[in-house]
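Visitor: Please show me how to read a few features of this model.

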Amino acid sequence: MRTDRDWTCPIPALTKPPPDYQRGGLYGDIKVDTSSLSTYINDNAINLCMVLTKRVADASQPQNVALYHKYFCLGERSASDPFETWSSSKIFAVANGAGHLRTNETSCAHGVYGVGGGFVNGKHGPDTQLGDLATVICSYDSTAGYSSNSLSSYFHDLGWRDRINSVVLNEWLQVPSDQTLGGNYGEATPSDLGFTVSAPGTATSCAADKDPWPVKYSNSISALTAVELTRRLVHHRDMEESLRFPGVEWADVRDLLYGAESSGLFPGQRWGGMTADTAIYLQSSSTMQSLLVENPATLADGRWRIFSKLGAGYSSSRYVGEIVSNAHACVPTVENGVVAGGLEVTITVRGSIAKDASLSTVDLRVQAAMDAALQFAAKYN
């Protein structure tokens, strides 16, 4: 069975937006409910922001729908306080690599070369697909001889560290100045990977510009920033161009979400990219389990999706164990064989526990927070 890589969340569009939902727009104009989640989650170790999305019929918009959102954060600190992202922000590095390849290269034709379908030379030959490298980043698979951390540095080399911080965060998203991205992930770029990029359907290649000044920024953003960046990536086709990750095209997002279409490193693989994330916090929640069990038709014909990216580690300088998860889900409900409703949600949750070197305690707290947030989402929805 072939994966529908051009899938769109099939929850039926409404005829008018629900009360209190807002159209996508400037980051600074987002209206956030910072109080409602506190009745479900009482844990100072947790930062959490969540977006519920409704689709409203609008023939003037991409995909003939306009997206409306309701934002919830666990207190003002979740909306505004930056924290270390760990590996959860690697997906933004991949997207930035795509955006730079398509728009800012010295010798590459505008819009031709990107992550989507793009390939480079490496130890596996000249057809190493960038979409396969995105799968390694998300899944931590090491069978191809690459690591998630080193490949994230490679995408920073393609996308430029200053670009993701200055162009993406500051100019496009316009987040507060105390939030930054562009840091590495503990390992250097693999020495075998080249910077000559080829594109499908073309007989030429281009020499991509490698980041000439690898200034490293801290990977430190708020839960609100992380959830908004994640949502905008998944909703790429459903939004006007000004809200799309700078320079990125749908082909790039598609390879980030699913991995390479005809994988060279993972032959026969249907579900790569962000579908291959190792975290299952969202899938394990009682709310999501109920939605899927009660709607077997949704499972049977592949009408649902979950995309996510995990980050985790123990800080030897701050003496805390931390887990971060960015996730998006669309789970339709089916009645008499017809999609009648469902839940579309994007969520970022971060837990931080002192001296939890094994991450065992923070793991339980993150799962509990995810469970509670989704219980709230199902009732509010």
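Guide: The side chain of Arg305 makes a polar contact with the side chain of Tyr258, at 2.9 Å. A polar contact is a pair of N or O atoms within 3.5 Å; within protein, one must be able to donate a hydrogen and the other to accept it, and residues adjacent in sequence count only if both atoms are side-chain atoms. This is a predicted model, in which local features need pLDDT of at least 70 and side-chain atom pairs count only at pLDDT 80 or more, while totals for chains, interfaces and linings use all residues. Residues are numbered from 1 along each chain as its sequence is written, and side-chain values use heavy atoms, with hydrogens and water left out.

Visitor: Which side chain of opposite charge is nearest to Arg305?

Guide: Lys and Arg count as positive and Asp and Glu as negative; His and the chain ends are not counted. A salt bridge needs a side-chain nitrogen of Lys or Arg within 4 Å of a carboxyl oxygen of Asp or Glu. Asp4 is the nearest, 5.1 Å away, and Arg305 has no salt bridge although it is buried. Buried means under 20% relative accessible area, exposed over 50%, partly exposed in between (1.4 Å probe, protein chains only).

Visitor: Why is helix 7 largely enclosed?

Guide: Helices (H or I, at least four residues) and strands (E, at least two) are DSSP runs, numbered from the N terminus. Helix 7 spans residues 250-258, and 8 of its 9 residues are buried, so the rest of the structure largely encloses it. Tyr258 is one of the buried residues. The cover includes helix 2, helix 3, helix 6 and strand 11, and Arg305 lies in strand 11.

Note on methods:
Contact means heavy atoms within 4.5 Å.
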